[in-house]
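Let's take a walk through this structure together, with an eye on where its charged side chains sit and what they meet. Have the model open as you read.

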Amino acid sequence: MNDTGVVDGSPERAPLPDALQRIADDFLAVSARERLTLLLEFSDELPPLPDRYAGHAELMEQVPECQSPLFLAADVDPAETVHLHFQAPSESPTTRGFAGILHEGLDGLTATQVLAVPDDAPYRFGLAEAVSPLRLRGMVAMLSRVKRQVRLKSGAA
């Protein structure tokens, strides 16, 4: 590595948390067409909201950058463990899929781990070849809002 952070001609990138890296590896191991199928699987696996949020979108934060209505809440418990909750319509599989990836990759991590997730994480799944840049912008916005909520609720500066 030289002093510009470049290894073998490519910039050094901050690592993803293990669970998120495994998801990225799964996406990168298949073709762009198969990535859409995998994204649909994450959409189907997005867990339902807990009772305190179900039917109470006003308790959650809307992510207007998403092309479909998406609401999220990041809870941080006393042990600094993050619990993520997403609400997106079933007829919005791409948005739900992005939420499913973030839920599976980040839920249960510590606040410190979530805050350390690199901002470019949504671009590491090879989805730019399968979905529009506008759609990816929605996932970037989701991650940004998750991190902001975690920062606020964990007391991190």
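**Charges, paired and unpaired**

Although R96 is buried, it has no salt bridge, and D44, the nearest side chain of opposite charge, is 6.1 Å away. Keep in mind as we go that this is a predicted model. A salt bridge here calls for a side-chain nitrogen of Lys or Arg within 4 Å of a carboxyl oxygen of Asp or Glu. R96 belongs to helix α3. What does R96 touch, leaving aside its neighbours within four places in sequence? Its contacts are F42, S43, L46, A88, P89 and S90.

Stay with helix α3 for a moment, since T95 lies there too. T95 counts as buried because its relative accessibility is 4%. Not counting residues up to four places away in sequence, T95 is in touch with C66, S68, L70, A88, R135 and M142.

Helix α3, which spans residues 93-106, also holds E104. With a relative accessible area of 42%, E104 is partly exposed. E104 takes part in a negative surface patch, together with D25, D26, E41, D44 and E45. You have already met D44, the nearest side chain of opposite charge to R96. Which helix gives the patch its largest share? That is α2, with three residues. Both α1 (18-28) and α2 (32-45) supply at least two residues each.

Now let's turn to charges that do find partners. Side chains of opposite charge can pair when their charged atoms come close. The structure holds nine salt bridges. In one of them, E61 pairs with R145, and the closest N and O atoms are 3.0 Å apart. This pair links distant parts of the chain, with E61 in strand β3 (residues 61-62) and R145 in helix α5 (residues 133-154), 84 residues apart. Both partners are buried: E61 has a relative accessible area of 18%, and R145 has one of 16%.

E61 also forms a salt bridge with R148, where the closest N and O atoms are 2.4 Å apart. Because E61 lies in strand β3 and R148 in helix α5, this pair ties together parts that are 87 residues apart in sequence. R148 is partly exposed, at 34% relative accessibility. Add E65, and you have a network of salt bridges linking E61, E65, R145 and R148.

One more pair is worth a look. The side chains of D120 and R124 meet in a salt bridge, at 2.9 Å from N to O. D120 is partly exposed, with a relative accessible area of 29%, whereas R124 is buried, with a value of 10%.

Definitions and conventions. Residues numbered from 1 in each chain as written. Predicted model: local features only at pLDDT ≥ 70, side-chain atom pairs only at ≥ 80, totals over all residues. Heavy atoms only, no water. Patch = residues over 30% accessible without salt bridge, like charges linked within 9 Å, V, L, I, M, F, W, Y side chains within 5 Å. Areas by Shrake-Rupley, 256 points an atom, 1.4 Å probe, with all protein chains shown as cover. Lys, Arg positive; Asp, Glu negative; His and termini not counted. Charge placed at Lys NZ, Arg CZ, Asp CG, Glu CD. Helix = DSSP H or I, 4+ residues; strand = E, 2+ residues; numbered from the N terminus. Buried < 20%, exposed > 50% of the residue type's maximum accessible area, 1.4 Å probe, protein only. Contact = heavy atoms within 4.5 Å.
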